[in-house]
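Student: Got a minute to go through a model with me? I'd like to start with confidence and then look at some side chains.

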Amino acid sequence: MGIVAGFLRKTLMIQVRFSLSVSASSSPSTPPHIQIQTLPFLFHEQLYPFSSSSEAHSFTVSHLINSYGFSHKQAVSASKYISFKNPEKPNLVYAFFYSHGFSESQISKIIRSKPRLLLSNPLKYLSPKLQFFYSKGASKPEVAKIVATCPTIMKKSLENQIIPYFNFLEGFFESEQMAMACVKRFPRALVDYPHCVESNIKALQEFGVPKSNIVTLLSMEPMTLMATQNHFRKVLEEVKEMGFDPSKKAFTTAVQGMRGMSKSTWEGKIDAFKSWGWSEEDIRLLFLKLPWTMMRSKDKIMATMDFFVNKMGMKPSIIAHRPMLVSLSLEKRIIPRYSVVHVLLLKGLIKEDFSLRAVFESREKVFLHKFVNVYKEEAPQLLNLYQEMVNNASARSHIGSIDLDSER
């Protein structure tokens, strides 16, 4: 018991000294010391010094499972690269992140991704990186989100990668604020293919893409530029050969779509349209006019065409001449709006030769005015029907995005 009590006192004193040393960078709402209850893992394991490596290995595995949510398989795998006989050093790392406003779930996510960080010297190795982001105008919650989204940042060299590439972004945007906004939106911009991004920007400029369009692409969809130089140039050449004008915004939109699509995926979408009687020229004109349409999955393309042809009885050739219809959301727009039109048709309030453009392509306000509000007396249930279908579609979409996030 004497050994255990002595070790506990030593651990707690280290925690207090460490928390005081970082309190200067803490927010006003952060307590000046880390309370024991904020370190729930501190007493998960029996604390005593180990003499054998097998016992240290067992402690490491147990600590990773109990403190950070590792599976047993993950913990055993991580223990091949890290090992500690007691939680003293891991607790310092945890306390460091906590003092900077990281939540328990964020800390656990970071450690599960990069367990070797538990062996880091927080003040020497971790703190300078956070301080760099603070100096560029990022708040504590924003920095916590950046690191939790891309824990690899904490393993990259501040001097050799993070600062040089941030300086490149700042120079290109001609704005520190825009550079930081890009990092906040897509933290991987600082760690994935930074040299490729620079060369790919030069390639875009060589093809005649205006800087304003490159700025938009880099700030909104930086992943597009994170490709090998040869692959990216090949995409630029293919898009230009299709007839896209590099000086137009549609060019970068097409590049965005082609860059992330394999040849087999592209051919699958072409075959999907052909199965409904579209010619290659129809598909080419669709892509030229609405390049983002080809970013939709093959299943969504087939479902949309099936609804127009088999549910509404439209000819595929009509849809080919109104390609905007294929770009619309089936669940959020097409089905809810057609449900309104269907009710109006059944009641004899509109004719069957209604305008497809007015129904499906018009803005929300215009659609409600022409097909819902003017029929309040004849069909008072229309607004509730429409809103319920739109809301249900949005809810399903939100749940789907959560499921996708959990799988990543």
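Tutor: Sure, here is a quick walk through confidence, aromatic rings and a couple of loop residues.

Student: What should I know before reading any numbers?

Tutor: This is a predicted model, where local features need pLDDT of at least 70, side-chain atom pairs count only at pLDDT 80 or more, and totals for chains, interfaces and linings use all residues. Residues are numbered from 1 along each chain as its sequence is written, and side-chain values use heavy atoms, with hydrogens and water left out.

Student: OK, what pLDDT does the protein average?

Tutor: The average is 83, and 83% of the residues score at least 70. pLDDT is the predictor's confidence in each residue, from 0 to 100.

Student: Which elements have the lowest and highest mean pLDDT?

Tutor: Helix α1 (residues 2-22) is lowest with a mean of 41, and α7 is highest with 97. Helices here are DSSP runs of H or I, at least four residues, numbered from the N terminus.

Student: Where does pLDDT stay under 50?

Tutor: One stretch is residues 1-52, with 74 contacts beyond four places in sequence; another is residues 398-408, with 0 such contacts. Contact means heavy atoms within 4.5 Å. Where pLDDT is low, the predicted coordinates should not be read in detail.

Student: Switching to rings: how many aromatic pairs does the structure hold?

Tutor: There are 17. Rings of Phe, Tyr and Trp (its six-membered ring) pair if their centres lie within 6.5 Å; planes under 30 degrees apart count as stacked, over 60 as edge-to-face and the rest as tilted. W266 and F287 are edge-to-face, 5.0 Å centre to centre with 70° between the planes. W266 lies in helix α14 (residues 263-274) and F287 in helix α15 (residues 280-289), so this pair ties together parts 21 residues apart in sequence.

Student: Are W266 and F287 buried or exposed?

Tutor: W266 is buried, and so is F287. Buried means under 20% relative accessible area, exposed over 50%, and partly exposed in between (1.4 Å probe, protein chains only).

Student: And K136, where is that?

Tutor: K136 is in the loop between α6 (122-135) and α7 (140-149). K136 counts as buried because its relative accessibility is 18%.

Student: Which residues does K136 touch?

Tutor: Leaving out residues up to four places away in sequence, K136 touches F166, E170, E176 and M180.

Student: Last one: why does S297 count as partly exposed?

Tutor: Because its relative accessibility is 32%. S297 lies in the loop between α15 and α16 (298-311).

Key
Helix = DSSP H or I, 4+ residues; strand = E, 2+ residues; numbered from the N terminus.
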